[in-house]
Amino acid sequence: QVQLVESGGGLVQPGGSLRLSCAASGRTISNYIMGWFRQAPGKERRFVAGISRSGGSTSYGDSVKGQFTISRDNAKNTVSLEMNSLKPEDTAVYYCAASRAMVLSQAPVSYGFWGQGTQVTVSS
């Protein structure tokens with residue numbers, strides 16, 4: 001099975017940028033739709049961004065459109081999330097996930113494999 005490990009989280013000031021990375025092992029991520037989710041304290045885990053197997057299609061949650069960019073490098077077996085213009089409401093644990101579905105879903109249950117999460121805190 002594929003294992004996923006996120007990195008790149010940390011503390012950033014409002015308006016700043018951060019790049020998260022997800023490294024996969026055990027399987028090639030070219031077999032999976034890849035996604036990023038986030039979960040803030042007291043809130044549900046929500047879809048942030050997704051990318052198709054070849055990288056030809058992307059999808060974003062309404063709250064981050066125009067702000068975040070997802071990308072993948074199948075040769076390196078990694079997926080990234082570039083986060084710009086960060087706001088305090090972006091504070092959350094961010095999770096990398098992999099799906100064997102044929103369509104790019106925003107539902108967490110569609111993703112069978114998850115990383116451990118990385119904390120992103122946006123604060124001055």
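A residue counts as buried when its relative accessible area is under 20%. With a value of 0%, Phe37 is therefore buried. This residue is a good place to start a tour of the structure, which is a predicted model. Phe37 lies in strand 4, and that strand, residues 33-39, pairs with strand 9 in the antiparallel sense over seven bridges.

Strand 9 is a helpful element to follow next. It spans residues 92-99, and seven of its eight residues are buried. Along its pairing with strand 4, Gly35 has Ala97 as its bridge partner. Strand 9 also runs antiparallel to strand 11, residues 118-122, to which three bridges join it; here Val93 is partnered with Gln119. Two further bridges link strand 9 with strand 10, residues 113-114, again in the antiparallel sense. In strand 10, Trp114 stands opposite Ala97. Ala97 thus appears in two of these pairings, with Gly35 as its bridge partner and with Trp114 opposite.

Attention can now turn to the aromatic side chains. The structure holds six aromatic pairs. In one of them, the ring centres of Phe37 and Phe47 are 5.5 Å apart and the planes meet at 80 degrees, so the pair is edge-to-face. Because Phe37 belongs to strand 4 and Phe47 to strand 5 (residues 46-51), this contact ties together parts that are ten residues apart in sequence. Both Phe37 and Phe47 are buried. Phe37 has a second aromatic partner in Trp114, and this pair is tilted, with 4.9 Å from centre to centre and 50 degrees between the planes. Since Phe37 sits in strand 4 and Trp114 in strand 10, the pair connects parts that are 77 residues apart in sequence. Unlike Phe37, which is at 0% relative accessibility, Trp114 is partly exposed, with a relative accessible area of 27%.

These three residues belong to one aromatic cluster, formed by Phe37, Phe47, Tyr95, Tyr111 and Trp114. Arg45 lies over the faces of two cluster members. Its distance from the ring centre is 3.8 Å for Tyr95 and 4.9 Å for Trp114.

Another part of the structure is an open sheet of four strands, arranged in the order 1-3-8-7 with antiparallel pairing. Strand 1 (3-7) and strand 7 (68-73) stand at the edges with a single partner strand each, so one side of each has no neighbour in the sheet. On average, neighbouring strands of this sheet are turned by 15 degrees against each other, direction ignored. At one edge, strand 1 pairs with strand 3, residues 18-25, through five bridges in the antiparallel sense. Within this pairing, Gln3 has Ser25 in strand 3 as its bridge partner.

Strand 3 also leads back to strand 9, this time through a covalent link. One disulfide is counted in the model, and it joins Cys22 to Cys96 with an S to S distance of 2.1 Å. Cys22 lies in strand 3 and Cys96 in strand 9, so the disulfide ties together parts that are 74 residues apart in sequence. The torsion about its S-S bond is about -80 degrees, which means that the disulfide is left-handed. Both cysteines, Cys22 and Cys96, are buried.

Definitions and conventions
Residues are numbered from 1 along each chain as its sequence is written. This is a predicted model: local features need pLDDT of at least 70, side-chain atom pairs count only at pLDDT 80 or more; totals for chains, interfaces and linings use all residues. Side-chain values use heavy atoms; hydrogens and water are left out. Two strands pair if DSSP finds at least two bridges between them. Helices (H or I, at least four residues) and strands (E, at least two) are DSSP runs, numbered from the N terminus. Axes are lines fitted to C-alpha atoms, for helices over the stretch in contact, and angles run from 0 to 180 degrees between N-to-C directions. Buried means under 20% relative accessible area, exposed over 50%, partly exposed in between (1.4 Å probe, protein chains only). Rings of Phe, Tyr and Trp (its six-membered ring) pair if their centres lie within 6.5 Å; planes under 30 degrees apart count as stacked, over 60 as edge-to-face and the rest as tilted. A charge sits over a ring if NZ of Lys or CZ of Arg is within 6 Å of the ring centre and within 35 degrees of the ring normal. A disulfide is a pair of cysteine sulfur atoms within 2.5 Å.
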